[in-house]
Amino acid sequence: MSHWTVEPGKTRLGWIGTGVMGRWMAGHLLQAGYHLTIYNRTRSKAEPLLQAGAQWAESPRQVAEVSDVIFTMVGFPADVRQVILGPEGVLAGCSPGKIIVDMTTSQPALAVEIAQQAAQRGVVALDAPVTGGDVGAREAKLSIMIGGDPEAAQALRPCFECMGKTIVYHGPAGSGQHAKLANQIVIASQMVALCEGLLYAYKAGLDLQKVLQSVGAGSASSWSVQNLGPRILAGNFDPGFFVEHFIKDMAIALEEARRMGLALPGLALAHQLYMSVQALGHGRKGTHALQLALAAMSGIDWTNRPPVTVSSPWQKT
């Protein structure tokens, strides 16, 4: 990709990681007319994309060999390292001029390391984590936070616009990851507040549908209230974002905070509460499964409540 021009039908894109969010993000690129080659550890999870016209590769390296720009959206920093820097990883298959875009929430230091190793091969690497959950991914309304080469980031804007509505360049390599960690710090305390508020309203004998409608229209409203509040009331704890991935993000943020000499007690508390969610066996549920752990601490079995369906002007389906 010698001139960093991106155009549907001409630019060859690669995608690695077709999980809860990645499958939708890759699908938007495919629908926009880009040639897409994909890889996922479990091929069956990539079948909808293959049926829609994507091509399959047997390894991340093979994806890179036939692509101009390679996107990765995996789970943990160890996965990022293996998928990009491993012997069968993306970088091993890249020739000079190609671009790697890691959209996983990962360690800022790893993003810097990847960018440095890529530069040694004449390759550019961006870190571009996202927020918005499965709803944002499905509706192409993600917020994308970018770090790395500014010219490459600008060149790839047409691709980012296929996946998100808010696209912000934050600075050199690792900056996108730092921005995402700030996002997760904000969400962590919001989720504790949402779950505790609903638990309080339940114990007070209030109509939870009415409570959520009031809160969702007032100053306490948030993305979590509007999107995850209804799921909590319905007893639907399917993942839009896995608890175990959120724990990973908070742990990275706490480590970065220690490195910078910051005290973040709210984040530390939220991390411990989510560890209890995982200990109860809910690590593969959505982050709103915090409700189950907090309810259990008060001797309440939230799953035995009659489910409530919330219908309001602001609720997203």
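How are α9 and α15 oriented to each other, oblique or roughly parallel? They are oblique, and this tour starts right there.

Before you click, note that this is a predicted model, in which local features need pLDDT of at least 70, side-chain atom pairs count only at pLDDT 80 or more, and totals for chains, interfaces and linings use all residues. Residues are numbered from 1 along each chain as its sequence is written, and side-chain values use heavy atoms, with hydrogens and water left out.

**Stop 1: α9 and α15**

Select residues 175-203 for helix α9 and 290-297 for helix α15. Helices here are DSSP runs of H or I with at least four residues, strands are runs of E with at least two, and both are numbered from the N terminus. Two packed helices are described by the angle between their axes and the distance between the axes. For this pair, the angle is about 50° and the axes are 9 Å apart. The axes are lines fitted to C-alpha atoms, for helices over the stretch in contact, and the angles run from 0 to 180 degrees between N-to-C directions. Angles under 35 degrees count as roughly parallel, over 145 as roughly antiparallel, 65 to 115 as roughly perpendicular, and the rest as oblique.

The crossing of α9 and α15 is right-handed; that word applies if the near helix is turned clockwise from the far one by less than a right angle, and left-handed applies if it is turned anticlockwise. Now show the side chains in contact (heavy atoms within 4.5 Å). On α9, pick Met191, Val192, Cys195, Glu196, Leu198 and Leu199; on α15, pick Leu290, Gln291, Leu294 and Ala295. Color them by type and you get eight nonpolar, one polar and one charged. In this scheme Ala, Val, Leu, Ile, Met, Phe, Trp, Tyr, Cys and Pro are nonpolar, Asp, Glu, Lys and Arg are charged, and the others, Gly among them, are polar.

Stay on glutamate 196 for a moment, which sits in helix α9. Glutamate 196 is partly exposed, with a relative accessible area of 43%. The classes are buried under 20% relative accessible area, exposed over 50% and partly exposed in between, using a 1.4 Å probe and protein chains only. Try a distance label from glutamate 196 to leucine 212: they are 16 residues apart in sequence and 13 Å apart in space, C-alpha to C-alpha.

**Stop 2: along to α10**

Leucine 212 is one of the buried residues of helix α10 (residues 208-216), together with Leu208, Val211 and Gly216. These buried residues cover an arc of only 125° around the axis, so they lie on the same side of α10; the arc is that of the directions from the helix axis to the C-beta atoms. Flip to the face turned away from the buried side and you find the exposed Lys210 and Ser214. The cover over the buried residues includes α9, α11 (223-227) and α12 (229-234).

Bring α9 back on screen. The axes of α9 and α10 come within 10 Å and cross at roughly 140°, which makes α9 oblique to α10. α9 passes α10 in a right-handed crossing. Leu198, Ala201 and Tyr202 of α9 meet Leu208, Val211 and Leu212 of α10, a set of six nonpolar, no polar and no charged residues.

**Stop 3: leucine 228**

Next, select leucine 228, in the loop between α11 and α12. Buried or exposed? Leucine 228 counts as buried, at 6% relative accessibility. Leaving out residues up to four places away in sequence, leucine 228 touches Met191, Trp223, Thr287 and His288.

**Stop 4: α13 and α14**

Select 243-260 and 265-279: α13 and α14 pack at an angle of about 150°, with their axes 10 Å apart. They are therefore roughly antiparallel to each other, and the crossing is left-handed. Among the contact residues are Phe246, Ile247 and Met250 of α13 and His271, Tyr274 and Met275 of α14. The full contact divides into 13 nonpolar, two polar and one charged.

**Stop 5: two loop residues**

Go to alanine 140, in the loop between α6 (133-138) and β8 (142-147). Its phi is near 55°, a positive value in a residue other than glycine. Alanine 140 counts as buried, at 13% relative accessibility.

Finish at threonine 18, in the loop between β1 (12-16) and α1 (22-31). Threonine 18 is buried at 2%, and beyond four places in sequence it touches Arg23, Asn40, Lys45, Ala46 and Leu49.
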